[in-house]
Amino acid sequence: MINFETTNPKKNLISLTPLIDVVFILLVFFMLATSFTKWHSIHLGFGEATNVSDIDKKGTLVEIVSESNYQIDGSIKNMPQIESIVRNKLKSNPEHFVLVQPRENVPLQELVYVMGQLSKLVGKNISVAKEQK
Amino acid sequence: MIDLSNENQTEEYESILPLVNVVFLLLIFFMLAGAFTTPDAFKVSPPIAELENKTQAREGLILINQQGMLAYDGKELTKTELRQKINNLVKNSDKEPPKFKIKADAASDSLNVITIIELLQELNVKQVELLTIQK
């Protein structure tokens, strides 16, 4: 009589090693090729008052002199003072426009900081311009 | 003599099963949670901002590095070449005017970025966004 019991079912298991190899390779690929950076953006609106010459009629010109030094109407201010000036102007005109003008060698991070702080007050009514020579 | 080899093999498989499970879970996590990225023409560390306007980074992306070098579509360009390329894109867009995104280095001179913004404005581009990462 043939004994079928001798064929051990455990022996017929598919080898897991190649599967694990492939899964590891896939894992390494996805780990290297994917990015988890969450991108955000600042809208750079080209509003009506993007010319420095027009700004006195329609809004406020904020000059970035250097890091943490800003200028409005010829006097140096800090960020809370700038925010308070813009807030007061918004009371009389809710459509008040802010034009940010960095001087030479001002890093982009500073411009983004100023735009971020002021756009909390004026929304999309903010733009940037170069110093006119 | 008792042959223990089969049992040993099964035990070995059983011992690596939790590892395989974890590797599978990690694989699924990276596949679902991550997004594929193509390498930029040069290294750019974007500025950090507090605002929360989420965006897709890859659409009409203009790169500006710390030295003011420009790239579009993964290729380095001069300002004149960029002007030409954008001008063509604006002219050839049938329905909506194309949108552009600027990914500039946080340490780059703001004036370099504004020069490009003004160039886009000149070429009648209506929508420009500056890419940032959240604080």
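How many bridges join strand E4 (residues 69-72) of chain A to E5(A), and in which sense do the two strands run? In this predicted model, E4(A) and E5(A) are joined by three bridges and run antiparallel. Within this part of chain A, A:Tyr70 has A:Lys77 of E5(A) standing opposite.

E4(A) and E5(A) belong to an open sheet of five strands in chain A, ordered E5-E4-E3-E6-E7, in which the pairing is mixed. The edges are occupied by strand E5 (75-77) and strand E7 (126-128) of chain A; each has a single partner strand, so one side of each is left without a neighbour in the sheet. On average, and with direction ignored, neighbouring strands of this sheet are turned by 30 degrees against each other.

Helix H4 (residues 108-122) of chain A lies across four strands of chain A, namely strand E3 (59-66), E4, strand E6 (97-102) and E7. With respect to E6(A), H4(A) runs at about 175 degrees. H4(A) also packs with helix H3 (residues 79-92) of chain A, at an angle of about 20 degrees and with the axes 10 Å apart. The two helices are therefore roughly parallel, the limit for this class being an angle under 35 degrees. The crossing of H3(A) and H4(A) is right-handed. From H3(A), the contact draws on A:Met79, A:Glu83, A:Val86, A:Arg87 and A:Leu90, and from H4(A) on A:Gln117, A:Leu118, A:Leu121 and A:Val122. By class, the residues of this contact comprise six nonpolar, one polar and two charged.

Chain B contains three helices and seven strands. Along the sequence, these elements of chain B follow the pattern α-β-β-β-β-β-α-β-α-β. Of the 135 residues in chain B, 21% are buried. Among the contacts in chain B with a separation of 6 or more, 74% are between residues 24 or more positions apart.

The contact between the two chains involves 39 residues from chain A and 47 residues from chain B. On the side of chain B that touches chain A, at least two residues each come from helix H1 (5-33), strand E1 (35-36), strand E6 (100-104), helix H3 (110-122) and strand E7 (128-134) of chain B. H1(B) gives the most to this side, with twelve residues. The side of chain B that touches chain A is made up of 27 nonpolar, eleven polar and nine charged residues. Strand pairing also links the chains: strand E2 (residues 39-43) of chain A pairs with E7(B) in the antiparallel sense over five bridges. A:Trp39 has B:Ile133 of E7(B) as its bridge partner.

One residue of chain B, B:Ala49, has contacts in both chains. B:Ala49 is located in strand E2 (residues 48-49) of chain B. B:Ala49 has 24 other C-beta atoms within 10 Å and is therefore classed as buried, for which 20 or more are required. Apart from neighbours within four places in sequence, the contacts of B:Ala49 are A:His40, A:Ile42, A:Val112 and A:Gly116 in chain A, and B:Thr132 and B:Gln134 in chain B. In addition, the C-alpha atoms of B:Ala49 and B:Lys135 are separated by 5.9 Å, although these residues are 86 residues apart along the chain.

Methods: Residues are numbered from 1 along each chain as its sequence is written. Chains are lettered from A and ligands numbered from 1 in the order in which they are written. This is a predicted model: local features need pLDDT of at least 70, side-chain atom pairs count only at pLDDT 80 or more; totals for chains, interfaces and linings use all residues. Two residues are in contact if their C-beta atoms, placed from the backbone, lie within 7 Å. Ala, Val, Leu, Ile, Met, Phe, Trp, Tyr, Cys and Pro count as nonpolar, Asp, Glu, Lys and Arg as charged, and the others, Gly among them, as polar. Two strands pair if DSSP finds at least two bridges between them. Axes are lines fitted to C-alpha atoms, for helices over the stretch in contact, and angles run from 0 to 180 degrees between N-to-C directions. Angles under 35 degrees count as roughly parallel, over 145 as roughly antiparallel, 65 to 115 as roughly perpendicular and the rest as oblique. A crossing is left-handed if the near helix is turned anticlockwise from the far one by less than a right angle, and right-handed if clockwise. A residue is buried if 20 or more other C-beta atoms lie within 10 Å of its own, exposed if 12 or fewer, and partly exposed in between; C-beta atoms are placed from the backbone.
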